[in-house]
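Student: Could we go through this structure together? I would like to begin with the charged residues and then turn to the interior.

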Amino acid sequence: MTPIVPLEAFELGEALPWHFLVDEELRVLAAGRLLSRLVDGLVGRGLDEVFAGVQPQAPFSAEAFAVQRGKCWVLEARSQPLLVLRGPLVPTDDGCFLFL
């Protein structure tokens, strides 16, 4: 049996300060505290409004995230090109994707 570790959004933001969560429409629902400080107005915006995909070279979509499941995505903040994030986009049980 895999244990479930319930975390409130605030706790997740503290534990993973660079994470973000997008819904099935690819709108940012939540973000870690450090990422939120560096990217103004992150929550509520579309993923493609905030980040440009560097690698893989695929448009942002639930299908692309599913195909690339577990693989590293490289994202560049549009407002701060020196801010580059690397990590997987992991599907959640409710149809969202969590960037770790």
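Tutor: The following exchange concerns a predicted model, and it takes up salt bridges, surface charge and the nonpolar core in turn.

Student: How many salt bridges does the structure hold?

Tutor: The structure holds three salt bridges.

Student: Which residue forms a salt bridge with E14?

Tutor: The partner of E14 is R33, and their closest N and O atoms are 3.2 Å apart. This pair links distant parts of the chain, with E14 in helix α1 (residues 9-15) and R33 in helix α2 (residues 33-38), 19 residues apart.

Student: And is E14 buried or partly exposed?

Tutor: E14 counts as partly exposed because its relative accessibility is 36%, which lies between the 20% limit for buried and the 50% limit for exposed. R33 is partly exposed too, with a relative accessible area of 33%.

Student: What about E49, which residues join it in a network?

Tutor: Salt bridges that share partners join E49 with R27 and R45 into one network. The side chains of E49 and R27 meet at 3.2 Å, N to O, whereas for E49 and R45 the closest N and O atoms are 3.8 Å apart.

Student: Where do E49 and R27 sit in the chain?

Tutor: E49 is in helix α3 and R27 is in the loop between β1 and β2; the two are 22 residues apart, and the pair links distant parts of the chain. The relative accessibility is 39% for E49, 34% for R27 and 27% for R45.

Student: Changing topic: which residues gather in the patch of negative charge on the surface?

Tutor: That patch consists of E24, E25, D93 and D94. D93 is placed in the loop between β6 (89-91) and β7 (97-99), and D93 counts as exposed because its relative accessibility is 87%, over the 50% cut-off.

Student: Now the interior. Which residues touch the most other members of the largest nonpolar core?

Tutor: F20 and F51 do, in a core of 22 residues. Elements that each supply at least two residues of this core include β1 (20-22), β2 (28-31), α3 (47-50) and α4 (62-67).

Student: Which element gives the most to this core?

Tutor: Strand β4 gives the most, with three residues.

Student: And V74, is it buried or exposed?

Tutor: V74 is placed in strand β4. V74 is buried because its relative accessible area is 10%, under the 20% cut-off. V74 and A52 are 22 residues apart in sequence, and their C-alpha atoms are 8.7 Å apart in space.

Key: Residues are numbered from 1 along each chain as its sequence is written. This is a predicted model: local features need pLDDT of at least 70, side-chain atom pairs count only at pLDDT 80 or more; totals for chains, interfaces and linings use all residues. Side-chain values use heavy atoms; hydrogens and water are left out. Patches are made of residues with over 30% relative accessible area and no salt bridge: like charges are joined within 9 Å, nonpolar side chains (Val, Leu, Ile, Met, Phe, Trp, Tyr) within 5 Å. Accessible areas come from the Shrake-Rupley method with a 1.4 Å probe; for residues, only the protein chains shown count as cover. A salt bridge is a side-chain nitrogen of Lys or Arg within 4 Å of a carboxyl oxygen of Asp or Glu. Lys and Arg count as positive and Asp and Glu as negative; His and the chain ends are not counted. The place of a charge is taken as NZ of Lys, CZ of Arg, CG of Asp or CD of Glu. Helices (H or I, at least four residues) and strands (E, at least two) are DSSP runs, numbered from the N terminus. Buried means under 20% relative accessible area, exposed over 50%, partly exposed in between (1.4 Å probe, protein chains only). A nonpolar core is a set of buried Ala, Val, Leu, Ile, Met, Phe, Trp, Tyr and Cys residues joined through side-chain atoms within 4.5 Å.
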